Every structure is written in structure tokens, then in C-alpha cells.
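Colleague: I have a few short questions on this one. Show me the model and we can go through it.

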Amino acid sequence: MADTTPSLALPLIAGGQAQKHVTHNEALAQLDAVVQLAVLDKDRTAPPASPAEGDRYLIAARDPSGAWAGWAGRIARFQDGAWLPLTPRAGWTAFVADEAEPYLFTGSAWMPLRATLTALQNLSRLGIGPGADADNPFAAKLNKALWTALTSAEGGSGDLRYTFNKQAAGNVLSLLMQTGFSARAEIGLTGDDDLRVKVSPNGGDWFEALRIDRATGRVAFPGRVTVAGLPVLTAQVVAGNSGPGAVAAGATRYLANALVGGQPSEVYVAAGRRGRFRHLRVAAPGAPGEGQSWTFTLQKLSADTALTCTISGAGSNQAADLVNGVVFEESDRWCLKIVSSGGAAATRNILFSLLFEGLD
């Protein structure tokens with residue numbers, strides 16, 4: 001039969017042993033030393049001058065001196081006026097009181113318990129600084145945070161990609177930015193799968209500043225882009241030339257870019273996106289003649305709109321409508337109609353331009 005227990009090396013009472021209480025008390029004293037192990041310090045290299053009964057120290061120094069000489073890595077306990085060494089085993093933990101930090105013995109050295117943790121699985125809550133709760137199962141209160149890629153030398157790829165996932169298109173997946181816990185901006189997929197950027201002055205009223213269509217990649221500015229309070233035209237200029245075919249007196253012709261025809265269906269093209277046509281400008285090589293005119297009108301779905309201008313008389317060869325505008329949906333079709341008065345000079349190579357501002 002062994003003389004000590006296998007784990008803590010507590011002395012065992014032998015059969016027929018005299019003064020059994022001595023062995024029993026020695027085992028109790030050793031249990032008192034190592035169970036719920038808490039030490040006063042781990043940084044001393046020599047015993048204190050006036051220890052109290054039961055004081056314990058973790059000897060982390062490589063070359064301790066005095067009564068602790070040769071006890072590196074052990075636990076020193078002051079008992080019955082003398083220092084006694086306790087030899088730890090791998091997996092023992094000790095609470096170091098002056099640091100309020102638990103330490104773990106790895107089998108060769110004492111390490112901060114938190115430094116030895118390599119995986120935390122299936123946590124329901126984690127709070128760094130503040131306490132986590134049901135609404136915020138992960139909470140952190142800090143001034144800086146660093147995420148860096150695992151390099152190829154460390155077995156990684158060198159890349160760093162965050163992945164966020166929501167259940168369905170109708171759910172919200174976003175980054176919400178607040179001031180004093182009142183929302184001021186939000187970036188993400190808010191209610192659908194288009195990427196949106198929104199801002200708020202008070203956490204209740206929201207203004208969408210940018211949207212990127214998930215299917216086409218088109219960028220829209222619902223709130224309009226402004227500089228110094230003036231709108232910036234997020235637009236394109238649509239221009240064309242009627243070409244060499246003559247627009248005769250009394251004729252009606254239709255054009256879009258360089259096409260000319262006698263029927264609207266020959267030249268109608270789709271707007272392609274929701275927007276507004278405005279700033280119609282036209283110029284011809286000459287004038288229609290005294291008392292004559294050429295009238296230019298933007299048509300929408302074969303119907304005249306309010307966007308129109310007229311070159312008239314013998315002294316003018318250009319005109320513009322910079323007042324009116326017409327909104328077109330994505331699939332609406334347009335063309336420019338030219339109506340020549342009965343006695344107007346025949347003309348060709350008419351230039352026109354329109355400004356198309358996207359609204360979606």
C-alpha cells in the first residue's frame with residue numbers, strides 16, 4: 001500500500017500505526033494549504049521578514065533565495081514557524097491576491113489563466129467592460145479595437161473578411177451609428193437586399209442618402225446631391241442630330257439621337273431608368289423664314305409633353321425650354337417631335353440636347 005495519495009500526496013495512516021493523529025493532522029494541514037488555493041503574491045524572490053501563520057506565496061522566480069532556495073515554481077506555506085514547499089501539478093490553479101488574477105500551472109510554469117484560454121465555445125453572453133444582457137448578448141466598452149488578418153506565415157491567408165448574415169431579405173442587416181445612444185446613421189440592408197445609407201437628425205426621422213440596387217449595381221441618390229445647398233445634377237446629356245434627311249415645309253418628323261422618320265414608332269427609345277427630362281435645346285443651320293416656324297416637343301408614350309420650344313422667324317436658328325421638366329418611368333419611351341409650318345424652309349442637320357436626371 002502506498003504511503004501517500006496519488007493526486008495531492010497526502011500522507012496515509014498505516015495499519016497499526018502509533019500516533020495516528022499526527023499523520024491525520026498533517027494531511028489536513030496540506031489540504032488546508034492547497035484546496036481553494038489563494039496566495040498573497042507571486043513576484044517575491046525571497047521570503048518576507050514577518051510572515052503570518054498560513055501565509056502562502058507562489059514562487060515564480062527562477063532563482064529564489066533564503067528559505068525558498070531551490071523552490072522555483074512551488075508554493076511556499078508558512079506553518080508552525082517554518083516554510084514548507086508544496087509541489088504543484090499540471091492543471092492546478094491559484095488566485096494571486098495582489099493582482100486579483102487566477103494563474104494556471106502548465107506543468108512547467110505558472111501562467112495567467114486568461115492567457116491559457118484558446119477557445120470559448122457556445123457562450124450565451126460576453127461583456128467586456130459593461131455587463132451583457134438579453135438585448136445585447138455581446139457588449140464591449142472600450143476606446144480602441146483591432147482586428148488583423150492571420151498572415152500566411154502563421155498559417156492563414158493574409159485576408160480579413162467580416163461575414164454578416166440575416167435570415168431573409170425582409171430582415172435588417174446593418175451598421176447603426178449613434179450619438180448618446182440616439183441613432184444618427186445606418187449603413188446596410190434595411191428591409192430588403194439593396195445597400196442603403198441613411199442619416200437621422202434625432203433617431204426618429206430618417207433620410208435615405210444613397211441606394212445601390214442589388215440586381216443592377218445602379219447607384220441612386222434619393223435625397224439629391226447638393227453642394228452649398230445647390231443640387232448637383234446627377235444626370236446625363238442626351239444629344240442628337242437629325243442627319244441629312246430634310247424636314248420639309250408642313251412636315252412632322254420624329255427623332256431620337258440621329259434617327260428621323262415619319263412615324264413615332266420608328267424612333268422611340270426607352271428612358272431606361274426613372275428620371276426627369278429637362279433643358280431642351282435645339283439649333284438648326286438656318287432660320288425657318290419670316291412668319292414660319294419649327295416646333296420641337298418631347299413626346300412621352302406618343303403623347304406631347306410640356307417640354308417644348310419653337311424656332312421662328314427669319315432671324316433665329318435656335319431655341320430652348322429651360323423651365324419645364326417631364327418625369328419618365330424606367331420603361332416609358334420618348335422621342336422628339338418636329339413640326340414644320342406650311343411655308344417654312346426645308347432644313348436638315350438639326351442639333352438637339354436634353355438633360356436627363358436620374359430620380360431613383
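Modeller: In this predicted model, β11 and β12 pair in the antiparallel sense, over 4 bridges.

Colleague: Which residue in β12 does Glu186 stand opposite?

Modeller: Look across from Glu186 into β12. The residue standing there is Lys198.

Colleague: Which are the edge strands of the open sheet?

Modeller: The sheet has 5 strands, in the order β10-β11-β12-β13-β14, with antiparallel pairing. An edge strand pairs on one side only. That gives β10 (172-179) and β14 (219-220).

Colleague: Is Asp192 buried or exposed?

Modeller: Asp192 sits in the loop between β11 (182-190) and β12 (195-199). Its relative accessible area is 19%. Buried means under 20%. Therefore Asp192 counts as buried.

Colleague: With which side chain does the side chain of Asp192 make a polar contact?

Modeller: Leaving out residues up to four places away in sequence, Asp192 touches Lys166, Ala169, Asn171 and Arg214. The polar contact is a separate entry, at 2.3 Å between side chains. The partner is Arg196.

Colleague: Which strand gives the largest share of the largest nonpolar core?

Modeller: That core has 30 residues, and Phe277, Val282, Phe296, Trp334 and Leu354 touch the most other members. Strands supplying at least two residues each include β21 (275-283), β22 (289-300) and β25 (333-340). The largest share is 4 residues, and the strand is β25.

Colleague: How many residues are in the other core?

Modeller: This core lies apart from the largest one. Leu58, Leu86, Phe105 and Trp110 are among its members. The count is 11 residues.

Note on methods: Residues numbered from 1 in each chain as written. Predicted model: local features only at pLDDT ≥ 70, side-chain atom pairs only at ≥ 80, totals over all residues. Heavy atoms only, no water. Buried < 20%, exposed > 50% of the residue type's maximum accessible area, 1.4 Å probe, protein only. Polar contact = N/O pair within 3.5 Å; in protein donor to acceptor, adjacent residues only side chain to side chain. Contact = heavy atoms within 4.5 Å. Core = buried A, V, L, I, M, F, W, Y, C linked by side-chain atoms within 4.5 Å. Pairing = 2+ DSSP bridges.
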